[in-house]
Amino acid sequence: MSQWITVLGATGSIGSSTLDVIRRHPARYRVYALTGFSRIAELVAAAIEFSSRYIVVPSVEAKQKAELLLAQDAQGCIVLVGEKGLAEVASAPEVDMVMASIVGAAGLVPTLAAAEAGKRVLLANKEALVMAGPLFMQAIRDNNAQLLPIDSEHNAIFQSLPADYSGDFSQHGIEKILLTASGGPFRNKTKTELADVTPAQAVAHPNWSMGAKISVDSATLMNKGLELIEACFLFNCRADQIQVVVHPQSVIHSMVQYSDGSVIAELGQPDMRTPIAYGMAWPERIDAGVKSLDLFEIARLDFTQPDHQTFPCLNLAKDAFERGGIFPAVLNAANEIAVAAFLAEQISFLAIPELIAQVVQVCPEQNITCLQDVLEADDWARTQANALLTNYRLDA
Ligand code: NDP
Ligand code: MG
């Protein structure tokens, strides 16, 4: 029997890779809903191709545009609007699994709705987990939802942990997680060399093809910081149980080190269709359209320490996780504002960590007890970051 899937963020990089995997298995998966934000024509084209029952768009204007485009192809697809529409298609009773691949904080509410509805949650949207880790993990447990990490590192760790992993390192003789990082496009660059790098240079990742925001995060190493927090919540460990290893070839996607000296790793092409197909079919394996690894072609694998002086974002994230409460949500929101400003050429690359550090510095201690606390912290941090942004504006 086929399974129904909702793809949140279907027009993005992860979304289109997910659609590619679905396309290869038409008998196995059926599309319940696809969501988009600015790329409405692409969204409608995908809805027509996959006979999606619903699509979700951000506004009434976008709905009108989508309905006009749909009418031309006489589709019975229903168009929903906004956050309510997103939560609806993430939690509908017919849906078996939800690909959470909206970028940033906007993905939190629908991803949480999927967890609360007890779905298989395919988690690409790491920002949702960073912001609301304890709440999100509790929602997964309380509702017997399944959480399959799609982020390639976390997917590799998931594959390298014991199948019956209990959430307790000592019970399984686990010493640490080795979280690999490519180092991004600016690996080995000095601070002076980074002073005037452009958005185009920052988004040109050497190994992975991804959306603009995560590409900048990879260049600042904030992506690795967010992933460190993501791993702590997913695998219930401390930040000091995770070692970041710069591995420029991106062949090993992460590792788990055990007390008997074994290190278990997952290797593969830098192609997100592998973790996506793994999450969709788990515990089975299906064709993902990815070519096999040729070890002779790769020939060598290198490993180095991260450069914390040049790339302070990794430690900013680690500190935010260790301080707990609203700090990870505040860090994430400040980062989203800083990255958007850098992409809009309003601030320099080096201003990104400075702005985030300033926002975190003025953040008061506060625990998270409910979703409202997270949303308020996110809002507070955005206001602070926008106010502080003027100090860094290139045109000031
Ligand atoms: P993209 O920018 O390529 O896609 C983002 C998706 O989210 C698009 O469908 C976009 O719609 C939609 N979107 C953007 N803003 C909003 C909003 N405010 N409300 C609703 N939908 C919105 O990003 P990626 O696919 O690269 O990344 C998606 C997530 O997956 C991120 O959290 C990222 O960290 C994570 N991830 C990505 C990896 C990758 O290889 N790309 C690897 C590991 C994790 P539209 O395009 O129509 O505007
Ligand atoms: Mg990753």
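Start by selecting F37 together with ligand 1: a backbone N or O atom of F37 lies 2.8 Å from an oxygen atom of the ligand. Keep in mind as you go that this is a predicted model. Now add S13, where a polar backbone atom is 2.8 Å from an oxygen atom of ligand 1. G12 is worth showing too, since one of its backbone N or O atoms lies 3.1 Å from a ligand 1 oxygen. To see the wider surroundings, display the 23 residues around ligand 1; those that come nearest are T11, F37, S38, R39 and E127.

**The magnesium ion**

Next, centre the view on ligand 2, the magnesium ion. Which residues coordinate the magnesium ion? Select D151, E153 and E227: D151 contributes OD, while E153 and E227 each use OE, at 2.1 to 2.2 Å. Along the sequence, these donors follow the spacing D-x1-E-x73-E. Colour the helices and you will see that the two glutamates link distant parts of the chain, with E153 in helix α7 (residues 152–160) and E227 in helix α11 (residues 222–235), 74 residues apart. Are E153 and E227 buried or exposed? Switch on a surface to check: both are buried.

**Strand β5 and its partners**

Now move to strand β5, residues 97–100. A general point helps here: side chains in a regular strand alternate between the two faces of the sheet. Show the side chains of β5 and you will find M97 and M99 on one side, with V98 and A100 on the other. These four residues are all buried, and both faces of the strand are covered.

Select strand β1 (residues 3–8) next. Four bridges join β1 to β5, and the two run parallel; for a landmark, look for I5 opposite M97. Then turn to strand β6 (residues 120–123), which is also parallel to β5 and joined to it by four bridges. Here the landmark is A100, standing opposite L123. Trace the chain from β5 through helix α5 (residues 108–116) to β6, and you will have followed a right-handed β-α-β crossover.

**The four-stranded sheet**

For the next stop, select the strands β9, β8, β10 and β11, which form an open sheet in that order with mixed pairing. Why is one side of β9 and of β11 left without a neighbour in the sheet? β9 (242–246) and β11 (263–267) stand at the edges and each has a single partner strand, so one side stays unpaired. Look along the sheet to see the turn between neighbouring strands, which is 20° on average, direction ignored.

Within this sheet, zoom in on β8 (residues 174–181) and β10 (residues 252–258), an antiparallel pair joined by four bridges. I174 has Y258 in β10 as its bridge partner. While you are in β10, pick out S254. Its phi is near 155°, a positive value in a residue other than glycine. S254 is buried, with a relative accessible area of 0%.

**Two loops to finish**

Go on to E345, in the loop between α15 (327–343) and α16 (351–361). E345 is not a glycine either, and its phi is positive, near 60°. At 59% relative accessibility, E345 counts as exposed.

Your last selection is W282 with P283, joined by a cis peptide bond whose omega is about 5°. You will find P283 in the loop between α12 (273–281) and α13 (295–298).

Notes: Residues are numbered from 1 along each chain as its sequence is written. Chains are lettered from A and ligands numbered from 1 in the order in which they are written. This is a predicted model: local features need pLDDT of at least 70, side-chain atom pairs count only at pLDDT 80 or more; totals for chains, interfaces and linings use all residues. Side-chain values use heavy atoms; hydrogens and water are left out. Donors are N, O and S atoms within 2.8 Å of the metal (3.2 Å for Na, K and Ca); water is not among the atoms, so sites may look incomplete. Buried means under 20% relative accessible area, exposed over 50%, partly exposed in between (1.4 Å probe, protein chains only). Two strands pair if DSSP finds at least two bridges between them. A crossover is right-handed if, with the strands pointing away from the viewer, the path from the first strand over the helix to the second runs clockwise. Axes are lines fitted to C-alpha atoms, for helices over the stretch in contact, and angles run from 0 to 180 degrees between N-to-C directions. A residue is near a molecule or strand if one of its heavy atoms lies within 4 Å of it. A polar contact is a pair of N or O atoms within 3.5 Å; within protein, one must be able to donate a hydrogen and the other to accept it, and residues adjacent in sequence count only if both atoms are side-chain atoms.
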